[in-house]
Amino acid sequence: MSKWHPIKSAPRDRFVMLYVPNGQLETGPVTIGIYFPSEDEDRDARGRFKKQRPWWPADWSGWLGTDGDNSSSWCDPTHWMPMPDPPFAPGAR
């Protein structure tokens, strides 16, 4: 079993398990997510918005997590871990 790592060390080029403890997602504190870089000119070099939008937190970090309505929501995770291997299905090889 993998251990949780600080979000600062998360890879930004693939899906990972995210720990979002602050109630931002309907699905609970653990979700699948990915870092979404943007070319939006309103963001600084770290991907954070320079000015606040009413529907985005001022401290938005660029992470998208799977939410309860089968869509993605911006979130501010604190930790991550690699995606687990898929289960073995007999006869699938």
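These notes walk through a predicted model of one protein chain, from its overall make-up to one residue and its surroundings.

1. On secondary structure, the protein chain comes to 6 strands and 0 helices, and, read from the N terminus on, its elements run β-β-β-β-β-β.

2. On contacts along the chain, 55% of those with a separation of 6 or more in the protein chain are accounted for by residues 24 or more positions apart.

3. On burial and surface, 31% of the 93 residues of the protein chain count as buried, while the accessible surface of the chain comes to about 6600 Å², with 55% of that area belonging to carbon and sulfur atoms.

4. On the interior, the largest nonpolar core has 10 residues, namely I7, A10, V16, L18, V20, L25, Y35, W63, C75 and W80. One of these core members is I7, and, with residues up to four places away in sequence not counted, I7 touches L18, W63, P77, T78, H79 and W80.

5. A residue that deserves a closer look is T31, which lies in strand β3, a strand formed by residues 30–35. T31 counts as buried because its relative accessible area is 6%, and the cut-off for that class is under 20%.

6. On the surroundings of T31, its side chain reaches the backbone oxygen of T66 at 2.8 Å. Leaving aside residues up to four places away in sequence, T31 touches V16, M17, L18, V20, L25, G65 and T66; among the residues of the largest nonpolar core are V16, L18, V20 and L25, so that a reader may follow these contacts of T31 into that core.

Methods:
Residues are numbered from 1 along each chain as its sequence is written. This is a predicted model: local features need pLDDT of at least 70, side-chain atom pairs count only at pLDDT 80 or more; totals for chains, interfaces and linings use all residues. Side-chain values use heavy atoms; hydrogens and water are left out. Helices (H or I, at least four residues) and strands (E, at least two) are DSSP runs, numbered from the N terminus. Buried means under 20% relative accessible area, exposed over 50%, partly exposed in between (1.4 Å probe, protein chains only). Contact means heavy atoms within 4.5 Å. Accessible areas come from the Shrake-Rupley method with a 1.4 Å probe; for residues, only the protein chains shown count as cover. A polar contact is a pair of N or O atoms within 3.5 Å; within protein, one must be able to donate a hydrogen and the other to accept it, and residues adjacent in sequence count only if both atoms are side-chain atoms. A nonpolar core is a set of buried Ala, Val, Leu, Ile, Met, Phe, Trp, Tyr and Cys residues joined through side-chain atoms within 4.5 Å.
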